[in-house]
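Please look over the model below. The report that follows takes up a helix pair, a strand and a residue within that strand, then the protein overall.

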Amino acid sequence: MNNFHMKYTSFAAITLIVISVSFCCFAYRPQPAAAPGTGGLKDYYKNYFPIGVAVSARALRTDEAGLLISQFNSLTPENAMKMSVIHPREQWYNWKDADSIAAFARRNGMKLRGHTLVWHRQAPEWIFKDASGQQVSKEVLLQRLKDHITTVVKRYKGVVYAWDVANEVISDQRDEMYRNSPWYQICGEEFIEKAFQWAHEADPEALLFYNDYNEINPVKRKKIMQLLTGLIAKGVPVHGIGLQGHWAINEPSKEQLEKTFEDFLTLNLKLQVTELDISVYAKEHEMRERQPGDSAFAFTAAREQRQIEQFRMCFDVFRKYSNALTGVTFWNISDRYSWLDNFPVRGRKDYPLLFDKDLQPKKAFWSVVRF
Ligand code: GLA
């Protein structure tokens, strides 16, 4: 080969390499996350647990519906089954939104979690009062609760497979066992076991969960375990513990999360993460005092990175405990809207989910599906 040929061959080879590399770079696109039947969260996790999401009836009529179908295989009504929404007056149930979510789930072959039968928040005023505005007796309140639970659970029998029966009845005060809610003030702790019993009578097939937050705190966790151990000992039909999972970039640690799972596993109940989101703001008290426009509230690259790592860690742990973990549900669909936009600071935008406001997968999405 003469000099000219050598030069020509190397030039051609280099050109070819440059062209191939550029082609690869430009042709590379992150995988579409929404192709039906493939590449959705639910598909990556099909051998582990269903992946759910909390929805409003309105979301089902928007462009979010496509994302719901391609990514998730379980739904939870965000508000539509809460007592003040579904039963706003004693003689009137408002089924519209809950029915449309149930119909959507059925139509699309998705599971449906019912949320929630008894809770101190979003409870209608009328339930605690008689016609003259006085507080009702324990007997009256328990009867009302029974009627409510029986009616709602029966209506969704066969479509709701699991109910969050009691939500947040344990106190956050160190030395107090039960939350001092109107339910507790009027009925004592009895309303809790009754709620499980009545839900079971209304639908013996449904799985019944106790749902709460901050179980990573050992003091609160111990109280939750005490409640559940007592219920199990009395033969109350309780089948699972819901860990809400409203977490942040700085908590829980892997150790806290694993310890929580390990402790709960000793109860031989099913576990579900029922309301997952990871705030990009560290859980710190001074955050409450800041104003919405404060620069401390920006979604910086550093916070994005911590969120990616936190999501990755959580799902690593979830997969590790997938024998007991029977569902993971996100609380809201995308960063377009989250309840955290108004909590703990009204008007402070948060970005706690796996899809951005254009419904595109964030980097955090890839961190939970590449394993
Ligand atoms: C609790 C409830 C949910 C929801 C969230 C935040 O976790 O269980 O239904 O209301 O608070 O909004």
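## Helices α10 and α11

In this predicted model, helix α10 covers residues 254-265 and helix α11 covers residues 301-320. The two pack at an angle of about 25 degrees. Angles under 35 degrees count as roughly parallel. α10 and α11 are therefore roughly parallel to each other. Their axes lie 10 Å apart. The crossing of α10 past α11 is right-handed.

Which residues make the contact? From α10 come Lys254, Leu257, Glu258 and Phe261. From α11 come Met313, Cys314, Val317, Phe318 and Lys320. By class, the residues of this contact divide into 6 nonpolar and 3 charged, with no polar ones.

## Strand β5 and its partners

Strand β5 spans residues 207-212. Is β5 mostly covered or mostly uncovered? It is mostly covered, with 5 of its 6 residues buried.

β5 pairs with strand β4, residues 160-167, through 5 bridges. These two strands run parallel. Within this pairing, Asp164 has Phe209 of β5 as its bridge partner. β5 is also joined to strand β6, residues 240-243, by 4 bridges. β5 and β6 run parallel too. Here Tyr210 stands opposite Ile241 of β6.

## Leu208 inside the strand

Leu208 belongs to strand β5. Is Leu208 buried or exposed? Buried means under 20% relative accessible area. Leu208 has 0% relative accessibility, so it counts as buried.

What does Leu208 touch, leaving aside neighbours within four places in sequence? Its contacts include Trp163 and Val165. Phe196, Ala199 and His200 are also in contact with Leu208. So are Pro237, Val238, His239 and Gly240.

Backbone distance adds one more detail for Leu208. Its C-alpha atom is separated from that of Asp164 by 6.3 Å. Along the chain, Leu208 and Asp164 are 44 residues apart.

## The protein overall

How many helices and strands does the protein have? Its secondary structure comes to 12 helices and 9 strands. The protein has 371 residues, and 51% of them count as buried.

Contacts between residues with a separation of 6 or more can be split by distance along the sequence. Of these contacts, 76% join residues 24 or more positions apart. The pairing of β5 with β4 and β6 can be read alongside that figure: 5 bridges link β5 to β4, and 4 link β5 to β6.

Definitions and conventions:
Residues numbered from 1 in each chain as written. Predicted model: local features only at pLDDT ≥ 70, side-chain atom pairs only at ≥ 80, totals over all residues. Heavy atoms only, no water. Axes fitted to C-alpha atoms, helices over the stretch in contact; angles between N-to-C directions. Parallel < 35°, antiparallel > 145°, perpendicular 65-115°, else oblique. Left-handed = near helix turned anticlockwise from the far one by under 90°. Contact = heavy atoms within 4.5 Å. Nonpolar A, V, L, I, M, F, W, Y, C, P; charged D, E, K, R; others polar. Buried < 20%, exposed > 50% of the residue type's maximum accessible area, 1.4 Å probe, protein only. Pairing = 2+ DSSP bridges.
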